[in-house]
Amino acid sequence: MRKFFLLVGTVLVGCGTAMAAPLNADSGPVQFLRSTPLPEITEGGFDHFAVDKKDDRLLIMAEKHATVEMFRLSDGAHLASAGGFGLPHTPAYVAGQHQMFVSDDKLGCVVVDVPSLKIARIIPLRQGADEAVFDKKAGLFYIGNGGKKDKSDNSSISVIDVKTYKEVARIAIPSSNIEMMAIDHARGVMFANLRDKNQIAVIDLATRTLKTIWTVPGLNLITPMAYDGKTQRLFVIGRKPGKLSVIDATDGTLLSTAGSVDTADGITWDGGNARLYVSGSEGLSVFHRDDADHFTEIQRIDTKTGKVSVYVDKLKQLYIAHAKTPDGPAALDIYSVAPDPVAQVAARKKP
């Protein structure tokens, strides 16, 4: 079946129609399962998700609506909504504390009790807190802030200790727009997209200092990023045009590129199925990994402008939230994800 997907994808690209028409939308591995309408959210879209597998919860930030929306993870039932935010962006769920830490453009870092969704405290930061990444092993939440929202040409990555509720360090970054980050635990470094400069920053987590900055050919408006620690590969998605860049995470070498949906804001590396799921306002691109350095887009789905997504491997479900459209209300859409038997057998054989 995988060969069929690759063949059709190749034909479409050769004909110049891959960007204009859905690619295996009805026959690919990702299929629509159900939708939960959110008619009360009439303005703006959504930013990132937080997943609580143990207690079967999914949380997502509604940006302009300034709320957190809570759902049952297994079936998408809407459980609760709570306000009190400024402009919420990236959440991190801390299971042991039953709390969610949220980067908020206007307020800083907002700590929310779960499941009550009451705001417990606010940790002040520079204006513009947006993209963030949570290091569960260290109990540290890294939040990009400052930059253009702070009327500055430089930004900070604030290091929040989730146990003490304190900003324990502030890493200076020479950029006005930090986008998605990823952590390499094996080498103790973090990568961050510098969208205004089309560069990638490499940060030493031990010293909490900027180690180096990579200038990679062809990057433009880079936004979402994912990392595969097994092969030490970074997957970076740009805009105008939508493009996947595969980068060697040891030295910043560009290894390959492939066309992708444009205006992407979400990406998940699914190692068990050797796939990337990239969500943008133009749709969902599903990529299959051909080898360590190359990918082929095997499916494209209309996301109704939904840019953010998260994949939960345990349930084999992909979640995408989209804003209100002329055809219907805002909603959380859930898709089933079929396994790739070949990739899963190969993954089990590797040490």
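Are F134 and F141 buried or exposed? In this predicted model, both F134 and F141 are buried, and the description below moves from the sheets to the aromatic pairs, the nonpolar core and the backbone of selected loops.

Strands of a sheet pair through backbone hydrogen bonds, either parallel or antiparallel. One open sheet is formed by four strands in the order β6-β7-β8-β9, and its pairing is antiparallel. Its edges are occupied by β6, which spans residues 88-94, and by β9, which spans residues 119-123; each of these has a single partner strand, so that one side of each is left without a neighbour in the sheet. From one strand to the next, the twist averages 20°. Within this sheet, strand β7 (residues 99-104) and strand β8 (residues 108-113) are paired in the antiparallel sense over six bridges, and F101 stands opposite V111 in β8.

A second open sheet of four strands follows the order β18-β19-β20-β21, again with antiparallel pairing. Here the edge strands are β18 and β21 (254-259), each of which pairs on one side only. When direction is ignored, neighbouring strands of this sheet are turned by 20° against each other on average. The antiparallel pairing of β18 with β19 extends over four bridges, and the bridge partner of A226 in β19 is F235.

A pair of aromatic rings is described by the distance of the centres and the angle of the planes. The structure holds nine aromatic pairs. One of them is formed by F134 and F141, whose arrangement is edge-to-face, with 6.3 Å from centre to centre and 85° between the planes. Another aromatic pair, that of Y277 and Y311, is tilted, with a centre-to-centre distance of 5.2 Å and an angle of 55° between the planes. Because Y277 lies in strand β23 (residues 275-280) and Y311 in strand β26 (residues 308-312), this pair ties together parts that are 34 residues apart in sequence. Y277 counts as buried because its relative accessibility is 0%, and Y311, with a relative accessible area of 10%, is buried as well. Ring pairs also link F191, W214 and Y227 into a cluster. In a contact of another kind, R121 lies over the face of Y165, at 3.8 Å from the ring centre.

In soluble globular proteins, nonpolar side chains tend to be buried together. The largest nonpolar core of the model has 30 residues, and those with the most contacts inside it are F191, I200, L234 and F235. At least two residues of this core are supplied by each of β14 (178-184), β15 (189-194), β16 (199-204), β18 (225-228), β19 (233-238), β20 (243-248), β22 (264-270) and β23. The strand that gives the most to this core is β19, with four residues. When residues up to four places away in sequence are not counted, L234 touches F191, I200, W214, M225, A226, Y227, S245, V246, I247 and A249. The contacts of L234 thus include F191, W214 and Y227, the residues that ring pairs link into a cluster.

Several features of the backbone were also identified. Most residues other than glycine have a negative phi, and most peptide bonds are trans. A cis peptide bond, with omega of about 15°, joins V114 and P115, and P115 is placed in the loop between β8 and β9. A cis peptide bond also joins K240 and P241, where omega is about 5°, and P241 lies in the loop between β19 and β20. Both loops thus belong to strands already described, since β8 and β9 are part of one open sheet and β19 and β20 are part of another.

Positive phi values were found at residues other than glycine. D56 has a positive phi of about 60° although it is not a glycine, and its place is in the loop between β2 (46-52) and β3 (57-62). With a relative accessibility of 24%, D56 counts as partly exposed. The phi of N198, likewise a residue other than glycine, is positive and near 55°, and N198 is found in the loop between β15 and β16. The strands on either side of N198, β15 and β16, are among those that each supply at least two residues of the largest nonpolar core.

Notes: Residues are numbered from 1 along each chain as its sequence is written. This is a predicted model: local features need pLDDT of at least 70, side-chain atom pairs count only at pLDDT 80 or more; totals for chains, interfaces and linings use all residues. Side-chain values use heavy atoms; hydrogens and water are left out. Two strands pair if DSSP finds at least two bridges between them. Axes are lines fitted to C-alpha atoms, for helices over the stretch in contact, and angles run from 0 to 180 degrees between N-to-C directions. Rings of Phe, Tyr and Trp (its six-membered ring) pair if their centres lie within 6.5 Å; planes under 30 degrees apart count as stacked, over 60 as edge-to-face and the rest as tilted. Buried means under 20% relative accessible area, exposed over 50%, partly exposed in between (1.4 Å probe, protein chains only). A charge sits over a ring if NZ of Lys or CZ of Arg is within 6 Å of the ring centre and within 35 degrees of the ring normal. A nonpolar core is a set of buried Ala, Val, Leu, Ile, Met, Phe, Trp, Tyr and Cys residues joined through side-chain atoms within 4.5 Å. Contact means heavy atoms within 4.5 Å.
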